[in-house]
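Me: Hi! I have a model open and would like to talk through a few spots in it. Could you help me out?

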Amino acid sequence: MSICRDDQIIFSGSLFYLGSMYLKGADNLPIWRTDGVVITILLHASLVEFIYYWLHRALHHHFLYSRYHSHHHSSIVTEPITSVTHPFAEHIAYFALFATPIIITIRLGTISIASIAGYITFIDVMNNLGHCNFELIPNWLFSIFPPLKYLMYTPSFHSLHHTQFRTNYSLFMPFYDYIYGTMDSSTDSLYEKSVQRKEELPDVIYLTHLTTPESIYHLRLGFAALASKPHNSTWYLRLMWPVTLWSMMVTWIYGRTFTVERNVFKRLKLQTWAIPKYKIQYCLQWQRESINNLIEEAILEAEVKGTKVLSLGLLNQEEELNRNGEIYIRKYPSLKVKLIDGSSLAVAVVLNSIPKGTDGVVLRGKLSKVAYAIAHALCQEGIKVNMLQEEEYKNLKTRLSNEAGNNLVLCKGNVPKTWLVGDGLSENEQMKASKGALFIPFSQFPPKKLRKDCFYHNTPAVLTPKNLENVDSCENWLPRRVMSAWRVAGILHALEDWNVNECGNMMFSIDKIWQASLKHGFRPLPISTESKPY
């Protein structure tokens with residue numbers, strides 16, 4: 001008779017209920033007791049693992065195997081449900097064995113809710129993991145801590161037990177197989193073979209970085225529910241500060257780029273790589289060398305993989321960091337991978353976001369490569385560009401021709417309703433805007449929305465075509481299926497086979513890249529000035 005699924009839940013739940021009712025000290029438990037948790041761990045590693053090992057070997061004796069354990073081994077190719085497919089008698093034996101640490105800690109008076117819940121969860125997770133028939137334990141875990149191979153089994157370890165039958169008897173900790181000589185000789189080689197999967201070679205890589213410590217939760221490897229929505233700080237994430245601190249430590253120790261998303265568009269394979277650095281670190285002088293080294297390593301790795309285009313994305317928020325990627329082109333002039341900072345498409349998106357018929361705009365924020373290009377284009381078209389600060393006005397004036405410079409003015413009177421803003425926009429400056437003003441960002445980071453009587457557009461971005469696959473998460477604060485101009489620019493360069501770099505002072509044709517974006521199905525985001533402002 002087999003017992004599994006609903007029957008197992010009813011059986012186990014009934015026994016736990018009876019235990020809590022009739023075992024002295026099993027009620028009114030504290031949430032946490034450190035000594036109880038430690039004792040539970042020690043009892044499992046010594047008593048439970050030891051007894052299970054010999055019980056398991058006994059079950060493989062022909063007398064018990066034919067009558068009981070063969071039912072479990074009917075699954076040569078295992079799956080998670082295999083872990084709870086046992087005859088009734090076996091299930092009773094396993095329950096009694098796994099309940100031993102709980103009963104002992106109850107008798108010792110060291111039991112807690114944490115030790116019970118943690119131990120039961122540990123048993124279920126490890127049991128399902130061992131039968132999942134898919135090797136998901138990364139090799140770097142054993143590289144960091146080699147003794148872990150004796151303390152933690154892998155799916156491939158237990159799969160050998162289901163195919164060879166007379167090896168790898170241990171529960172979750174293989175050291176008893178090592179002690180008693182029942183470790184399968186092919187265990188290590190099968191594990192190595194299982195983790196060596198065919199590597200996907202990307203055509204386009206978008207290189208980005210973490211923004212805030214909480215941004216790790218908004219990646220696909222974090223919480224899917226959060227990743228599917230625009231990045232927004234929520235109160236409950238602040239309660240997770242221990243986990244957040246741990247994730248920061250892991251990214252600091254790991255110290256290299258990691259893949260956060262894979263997409264497919266037409267004939268291109270796209271990947272997003274993240275640098276394990278946060279926004280604030282880009283402002284620290286002592287962090288710049290480390291950041292540049294990580295970017296350089298990513299570029300060289302992309303070169304080895306045969307990548308066509310690498311888009312630098314958020315990494316260009318501080319132009320003085322690496323001069324928009326120019327230092328890498330100079331250091332490695334023979335690079336085949338093309339570096340794209342995406343400035344041309346960002347400029348094109350901003351210019352096409354300005355409402356038709358606008359005769360004047362305010363330009364305020366850090367004067368970046370994108371800001372200079374926007375001002376030049378608008379002045380060339382005869383649109384007045386109003387500057388709020390005299391120093392920025394003089395700086396920009398020197399870069400414009402005499403004819404274009406006539407349309408650059410230092411704002412002293414009425415302020416236009418269209419504001420083009422970048423990093424450095426202050427609260428006081430936002431308050432100078434008239435009611436109903438439209439703020440259009442030209443930088444990667446959006447301004448704080450301080451005015452409820454004004455409108456705020458997204459940072460330079462476009463709506464993606466429906467045939468762009470696997471767009472399951474939001475890019476930072478952007479809506480679903482919306483990509484930043486810096487990210488899309490790399491895709492367009494690869495689609496059009498433009499074998500050129502766009503970094504440093506180089507700027508690709510603004511009109512050409514805009515037309516290419518429309519040609520391939522990318523669409524501008526609408527600006528609503530009729531709905532209620534933010």
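Me: Which helices do the buried residues of H8 pack against?
Reply: Happy to help! They pack against helix H2 (34-59), helix H5 (113-130), helix H9 (175-180) and H10. Helices here are DSSP runs (H or I, at least four residues; strands are E, at least two), numbered from the N terminus. This is a predicted model, where local features need pLDDT of at least 70, side-chain atom pairs count only at pLDDT 80 or more, and totals for chains, interfaces and linings use all residues. Residues are numbered from 1 along each chain as its sequence is written, and side-chain values use heavy atoms, with hydrogens and water left out.

Me: And how many residues of H8 are buried?
Reply: Eight of the 10, so H8 is largely enclosed by the rest of the structure. Buried means under 20% relative accessible area, exposed over 50%, partly exposed in between (1.4 Å probe, protein chains only). Among the buried ones are Pro155, Phe157 and His161.

Me: Nice. Which residues meet where H8 contacts H10?
Reply: Ser156, Phe157, Ser159 and Leu160 in H8 meet Thr187, Leu190, Tyr191 and Ser194 in H10, with contact meaning heavy atoms within 4.5 Å.

Me: What comes right after H8?
Reply: Phenylalanine 165, and its phi is positive, near 70 degrees.

Me: Switching topic: where does threonine 464 lie?
Reply: Threonine 464 is in the loop between strand E14 (461-463) and strand E15 (468-469).

Me: Buried or exposed?
Reply: Threonine 464 is buried, at a relative accessible area of 6%. Its side chain reaches the backbone oxygen of arginine 481 at 3.0 Å.

How values were computed
Polar contact = N/O pair within 3.5 Å; in protein donor to acceptor, adjacent residues only side chain to side chain.
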